[in-house]
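Here's a quick walk through the model, with the ligand sites up front. Keep the viewer open as you read.

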2 protein chains.
Amino acid sequence: MLVPHAARALGQVLGERLSRAKSDLEQHGRSESHFPTCPPEAVAYPETAEEVARIMQICADHRCPVIGWGAGTSLEGHGLAVSGGIVVDFSRMNKVLEIRPADMDVTVQPGVTRQALNEELRATGLFFPVDPGANASLGGMAMTRASGTTTVRYGSMRDNVLGMQVVLADGRTIRTGSRARKTAAGYDLTALMIGSEGTLGLVTELTLKLHGIPEATSAGICAFPRIEDAVNAVIDTIQMGLPMARIEFVDAATARAFNAYAGMDMAEAPHLLVEFHGSPDGVAQDAARFAEIVADHGGSAFEWSSRPEERNALWAMRHNAYYAVLALRPGARAVVTDICVPISRLATAVEETQADIAASPIPGPILGHVGDGNFHAILLIDPDQPAERDAALALSHRMAERALRLGGTCTGEHGVGIGKRRYMQAEHGHGWTIMGSLKQALDPMNLLNPGKLVPDA
Amino acid sequence: MLVPHAARALGQVLGERLSRAKSDLEQHGRSESHFPTCPPEAVAYPETAEEVARIMQICADHRCPVIGWGAGTSLEGHGLAVSGGIVVDFSRMNKVLEIRPADMDVTVQPGVTRQALNEELRATGLFFPVDPGANASLGGMAMTRASGTTTVRYGSMRDNVLGMQVVLADGRTIRTGSRARKTAAGYDLTALMIGSEGTLGLVTELTLKLHGIPEATSAGICAFPRIEDAVNAVIDTIQMGLPMARIEFVDAATARAFNAYAGMDMAEAPHLLVEFHGSPDGVAQDAARFAEIVADHGGSAFEWSSRPEERNALWAMRHNAYYAVLALRPGARAVVTDICVPISRLATAVEETQADIAASPIPGPILGHVGDGNFHAILLIDPDQPAERDAALALSHRMAERALRLGGTCTGEHGVGIGKRRYMQAEHGHGWTIMGSLKQALDPMNLLNPGKLVPDA
Ligand SMILES: Cc1cc2nc3c(=O)[nH]c(=O)nc-3n(C[C@H](O)[C@H](O)[C@H](O)COP(=O)(O)OP(=O)(O)OC[C@H]3O[C@@H](n4cnc5c(N)ncnc54)[C@H](O)[C@@H]3O)c2cc1C
Ligand SMILES: Cc1cc2nc3c(=O)[nH]c(=O)nc-3n(C[C@H](O)[C@H](O)[C@H](O)COP(=O)(O)OP(=O)(O)OC[C@H]3O[C@@H](n4cnc5c(N)ncnc54)[C@H](O)[C@@H]3O)c2cc1C
């Protein structure tokens, strides 16, 4: 251990809940993506915000790096202990603290997962919309500025967090935001923390906006001859102001993966999966207008469903897309890309990417939250073949450059971690240096998740 | 002038566009609100971002304070030169640079006003929704995190700015955000700048989200026996998920002011003004459901209008509320309050405030963006009567404390400036110190709008 004294002091606070067991270290040194394992020196399992503050104070005293850990599903090596130190695993801070139906908000501990939260909300008629493919923790989702299939309608974590309790690098605790729906009272510390990937503080509590479960929901799926037809249908839908709750794209390769993994019977063609929320009449109208747009672009007849089981099966399939695609190539690891462009450039971005992948030696199904201009290629590599890994990273690199060239961003939702740091200078210029100055101001000893997001000090 | 050398160098860059004329200084030393005049030492009128950067560099060299100026309509003394220095007036940077209908976004210079922007957009079928009562500049609106009557549906400046070009305190220029609809690429510098009141940088360009003008719009007005009935109707509307585009409250005194100022014929009772956007069937349904809610709370029959002229007259009246109220008491100045609370506490907040005003010697009509939990009392004082001013400030003080006690914020939309600084410690605790650290990191010489928002260095 870098700092044995820190371990001793932490053990006094946490007892058995400070683990140095090999299995624990291994498990907290892995990522879902392609990065090599990089375990921490200890794992702490706090149960209260006070314990988190104590941990941070001790680590500050001993200059020991501290890395937050939610569900460990982030995809850019966010949680890897590249400079050693301890991981603070929030899985025991998993209580829904207070649901306030009248205000349509809820206060949770950071370890609550999105599925657990929606379970708890079920009786209230309310739900929390942000839904990354994985069953991530709310703390982790805030820290990566996560979004999902419903972001086109309900926004991302940026739009759905009212406030947070945060332990800072010096061990002091602040509360950001308030329960008011809006405020102009000073710098937006909530927004500064969202997407900061654990580099500015440890989140110990979140207050989230909730939404009413819509009276009626209608979901459906249809196939298109070509990618650009599907994408152009999306553009028309947005421009007509049709209020989609979800609009997801999958390409032919992904459809094939769904067929194999989930026993579906989809045409091997590009598809759109959509959902409308509203009144029964409203969603029927929306669906009818959408069907016209689809027909205009040569799409197949739309298969609609308003039965909950069928809808749930559709979205469960979408949420399992990553695993379905991985299963296309047994033993493969994935390099997951994540670019986002202005909607007018989406067809170009997807087509150039598909052509680039087709010319490469590796498979890479494409899918995405196209209503936001965001899509992923899941590049499947044999981890034992360095040439494949290189080819994937080169494709990923060209995608990031393409996104920037088209006025977009190198990451729509997965974040920077270690994987996207190399594009920060190109995307932000001097703004990246400014991010470094902010980090320096709040964490002068560079204790919080060092080596991620910001430039080296 | 504090720094004559700065004036000389600035004059070389700007020529006639550096003004030291008394009338100019006076005009840029006033606020719309009750603060004493506090003129700057010079006013600069740049025409390009490059000139703004030059101005900032020169002022940094000479340690001369720099205060941005949009339309000068902010209400908390934001633009007053309390530490001397120069005002940078953005009125000549008033071009709409590029409208991109396909992406539903627009890039503007900061001096464009919200009305001028919507004029330019007219032919596109798109509009920019954020609408403070005054015809403010987009730069000023971003800097105060402004909102308005449509925020309940379309969000505030926080939600409608995709990115900005900003000149920092050292004269360097950054671009924040991108034209992608979402990004997870590092700290949210756009959000950090929004609401920073010119203390972190000078905005030289903004890229804004646009929205489609709805196919159908329906607006209406109705009276309630008591304030709590009106507020409870709002709460029910939100909880039923009815998608209001606007829902505004005015009390009996404000209705009286409208009658006198705009020749209206409203009952002297609390009213709600609402609007729905959508398809023709959709808005008709929404209006019908809303009418039921109103009836449940003892409201009068709803007067609906879908004729544009009538609707425009309604909202013009609402936007002129401040002047209508001022006219209730000729020669009066206003102390404008601006609290925002969780919706469940709104009735309590409004009622306690009204009782408090009733027990005071001064009039104070109440109105607000109640769908967001935000309302204002416009406290009318004789500027020559110190006792009235004291009474108004004491009322305003109790309102801010009430908002914090009820889980809200001391300012929903007007911002901090100098007027709300005294509540920042109570609202944010150590978080206010953190705001000071961020300011120090980006503006170590405290050149940008010193004396506002953050603690004294
Ligand atoms: C199959 C699959 C599908 C996915 N789909 C999506 C998607 O659609 N959209 C999307 O946005 N992402 C998606 N992701 C990525 C991932 O789910 C998100 O990044 C998610 O937000 C991570 O949450 P987590 O709880 O797993 O966080 P972790 O991976 O545990 O941590 C993420 C970051 O936050 C920090 N952190 C975690 N908790 C705290 C805390 N309490 N305080 C301070 N720092 C903390 C960590 O240090 C790390 O930097 C997907 C991932 C997988 C595997
Ligand atoms: C009648 C009336 C009604 C109002 N109604 C509302 C309302 O409904 N909602 C609401 O939010 N507000 C309202 N306001 C307040 C005011 O309109 C807003 O605060 C508005 O955002 C101010 O914009 P402005 O262009 O006038 O900015 P200014 O007052 O000129 O400046 C505001 C702040 O921004 C800074 N600034 C301005 N431009 C720049 C720039 N380019 N770069 C850096 N800093 C800059 C200034 O230094 C100052 O700190 C109202 C005001 C009046 C008089």
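## Ligand 2 and its shell

In this predicted model, a polar side-chain atom of B:His369 lies 3.3 Å from an oxygen atom of ligand 2. That makes a polar contact, meaning a pair of N or O atoms within 3.5 Å; within protein, one must be able to donate a hydrogen and the other to accept it, and residues adjacent in sequence count only if both atoms are side-chain atoms. The backbone joins in as well: an N or O atom of the B:Gly68 backbone sits 2.6 Å from an oxygen atom of ligand 2, and one from the B:Gly133 backbone is 2.9 Å from a nitrogen atom of the ligand. On its own, ligand 2 exposes 970 Å², and the protein buries 97% of that (Shrake-Rupley areas with a 1.4 Å probe; for residues, only the protein chains shown count as cover).

There are 36 residues around ligand 2, and B:Gly68, B:Gly70, B:Thr73, B:Ser74 and B:Ser137 come nearest; to be included, a residue needs a heavy atom within 4 Å. Strand E3 (66–69), helix H5 (138–144), strand E10 (202–209) and helix H13 (321–326) of chain B each give the shell at least two residues, with the largest share, five residues, coming from H5(B). Helices (H or I, at least four residues) and strands (E, at least two) are DSSP runs numbered from the N terminus. By type, the shell around ligand 2 has 16 nonpolar, 17 polar and three charged residues. Here Ala, Val, Leu, Ile, Met, Phe, Trp, Tyr, Cys and Pro count as nonpolar, Asp, Glu, Lys and Arg as charged, and the others, Gly among them, as polar.

## Ligand 1 over in chain A

What are the polar partners of ligand 1? One is a polar backbone atom of A:Ala71, 2.9 Å from an oxygen atom of ligand 1. A polar backbone atom of A:Val203 is 2.9 Å from a nitrogen atom of the ligand, and a side-chain N or O atom of A:Glu413 is 3.0 Å from a nitrogen atom of the ligand. The protein covers 97% of the 980 Å² that ligand 1 has accessible on its own.

The shell around ligand 1 holds 36 residues, the closest being A:Gly68, A:Gly70, A:Thr73, A:Ser74 and A:Ser137. Its contributors of at least two residues each include E3 (66–69) and H13 (321–326) of chain A, while H5(A) provides the largest share, five residues. The split is 16 nonpolar, 17 polar and three charged.

## The core

Which residues touch the most other members of the largest nonpolar core? A:Met157 and B:Met157 do, among its 176 residues. Such a core is a set of buried Ala, Val, Leu, Ile, Met, Phe, Trp, Tyr and Cys residues joined through side-chain atoms within 4.5 Å. Beyond four places in sequence, A:Met157 is in contact with residues including A:Phe128, A:Leu138, A:Ile194 and A:Leu208, contact being heavy atoms within 4.5 Å. In soluble globular proteins, nonpolar side chains tend to be buried together.

Helix H1 (residues 4–14) of chain A has its own buried set: A:Ala6, A:Ala7, A:Ala9, A:Leu10 and A:Leu14. Buried means under 20% relative accessible area, exposed over 50%, and partly exposed in between (1.4 Å probe, protein chains only). Strand E2 (42–44) and helix H3 (49–61) are among the elements covering those residues. Just after H1(A), A:Gly15 takes a positive phi of about 55 degrees.

## A few single residues

A:Asp356, in helix H14 (residues 346–358) of chain A, counts as buried because its relative accessibility is 16%. Leaving out residues up to four places away, A:Asp356 touches A:Leu395, A:Arg398 and A:Arg402.

A:Pro101 sits in the loop between strands E5 (96–100) and E6 (105–108) of chain A. With 43% relative accessibility, A:Pro101 is partly exposed. Outside four places in sequence, A:Pro101 contacts A:Leu126 and B:Gln239.

Most residues other than glycine have a negative phi. A:Asn446 has a positive phi, near 55 degrees, and B:Asn446 likewise has a positive phi near 55 degrees.

## Ground rules

Residues are numbered from 1 along each chain as its sequence is written, with chains lettered from A and ligands numbered from 1 in the order in which they are written. Local features need pLDDT of at least 70 and side-chain atom pairs count only at pLDDT 80 or more, while totals for chains, interfaces and linings use all residues, and side-chain values use heavy atoms, leaving out hydrogens and water.
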